[in-house]
Amino acid sequence: MNKQEIAEKVNAFMTDRLEYNAASLQPEAELKRDLGMTSLDAVETSIFIKRTFGYQPERGAIKTLVTLQDLYDYIEKSI
């Protein structure tokens with residue numbers, strides 16, 4: 001799976017499940033400050049990653065990421 005496919009899947013999850021504004025899903029957007037990611041959102045994102053990409057993120061790993069691009073890169077390196 002390439003970076004574009006990862007970004008598309010993540011963005012679809014964030015708009016459909018987490019109800020983030022699609023226009024705000026830019027690679028440089030900060031997960032907490034710009035998107036408003038909560039601890040619950042981070043847990044849901046971890047579950048999404050496991051179900052979609054077959055990789056279980058380490059506990060708390062999503063909370064350490066700063067930008068949406070960091071999330072894309074994390075998934076790409078992990079799968």
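Rings of Phe, Tyr and Trp (its six-membered ring) count as a pair if their centres lie within 6.5 Å. Keep that cut-off in mind, because the tour of this predicted model starts with rings that satisfy it.

**Stop 1: the phenylalanine cluster**

Select Phe 13, Phe 48 and Phe 53, which ring pairs link into a cluster. In the whole model, the count of aromatic pairs comes to three. Begin with Phe 13 and Phe 48, a stacked pair with 4.2 Å from centre to centre and 15° between the planes. This pair links distant parts of the chain, with Phe 13 in helix 1 and Phe 48 in helix 2, 35 residues apart. Now turn the view to bring in Phe 53. Phe 48 and Phe 53 form an edge-to-face pair, at 5.8 Å centre to centre and with 90° between the planes.

Are these rings buried or exposed? Phe 13 is buried, at 10% relative accessibility. Phe 48 is buried at 12%, and Phe 53 also counts as buried, at 12%.

**Stop 2: Thr 45 and its contacts**

Stay in helix 2 and select Thr 45, which has its place there. Its relative accessible area is 1%, so Thr 45 is buried, the limit for that label being under 20%. Which residues does Thr 45 contact, once its neighbours within four places in sequence are left aside? Show Phe 13, Leu 18, Met 37, Ile 62 and Leu 71 as sticks, and you have them. Phe 13 you have already met as a member of the ring cluster, and Leu 71 will come back as one of the buried residues of helix 4.

**Stop 3: Ser 46 and across to Glu 58**

Step along to Ser 46, also a residue of helix 2. At 15% relative accessibility, Ser 46 counts as buried. Not counting residues up to four places away in sequence, Ser 46 touches Pro 57 and Ile 62. Ile 62 is also one of the contacts of Thr 45.

Next, select Glu 58, in the loop between helix 2 and helix 3 (61-64). Draw a distance between the C-alpha atoms of Glu 58 and Ser 46: they are separated by 8.6 Å, and the two residues are 12 apart along the chain. Whereas Ser 46 is buried, Glu 58 is exposed, with 58% relative accessibility.

**Stop 4: one side of helix 4**

Move on to helix 4, residues 68-78, and colour its buried residues: Leu 68, Leu 71, Tyr 72, Tyr 74 and Ile 75. Look down the axis and you can see why they belong together: they cover an arc of only 160° around it, which puts them on the same side of helix 4. An α-helix has 3.6 residues a turn, so residues three or four places apart point the same way. What covers the buried residues of helix 4? Show helix 1, helix 2 and helix 3, which are included in that cover.

**Stop 5: the salt bridges**

Now switch to charged side chains. Side chains of opposite charge can pair when their charged atoms come close. A search of the whole structure finds four salt bridges, and three of them are visited here, starting with Arg 17.

Select Arg 17 and Glu 44, whose side chains meet in a salt bridge at 3.0 Å, N to O. Arg 17 lies in the loop between helix 1 (3-16) and helix 2 (39-53) and Glu 44 lies in helix 2, so the pair ties together parts that are 27 residues apart in sequence. The partners differ in their surroundings: Arg 17 is exposed at 55% relative accessibility, while Glu 44 is buried, with a relative accessible area of 18%.

For the last view, select Arg 33. Which residues does Arg 33 bridge to? One is Glu 30, with the closest N and O atoms 3.6 Å apart. Another is Asp 34, where the closest N and O atoms are 3.1 Å apart. Because these salt bridges share partners, a side-chain nitrogen of Arg lying within 4 Å of a carboxyl oxygen in each case, they join Glu 30, Arg 33 and Asp 34 into one network. Colour the three by accessibility to finish. Arg 33 is exposed, with a relative accessible area of 60%. Glu 30 counts as partly exposed at 25%, and Asp 34 is partly exposed at 40%.

Note on methods: Residues are numbered from 1 along each chain as its sequence is written. This is a predicted model: local features need pLDDT of at least 70, side-chain atom pairs count only at pLDDT 80 or more; totals for chains, interfaces and linings use all residues. Side-chain values use heavy atoms; hydrogens and water are left out. Helices (H or I, at least four residues) and strands (E, at least two) are DSSP runs, numbered from the N terminus. Buried means under 20% relative accessible area, exposed over 50%, partly exposed in between (1.4 Å probe, protein chains only). Rings of Phe, Tyr and Trp (its six-membered ring) pair if their centres lie within 6.5 Å; planes under 30 degrees apart count as stacked, over 60 as edge-to-face and the rest as tilted. The arc is that of the directions from the helix axis to the C-beta atoms. Contact means heavy atoms within 4.5 Å.
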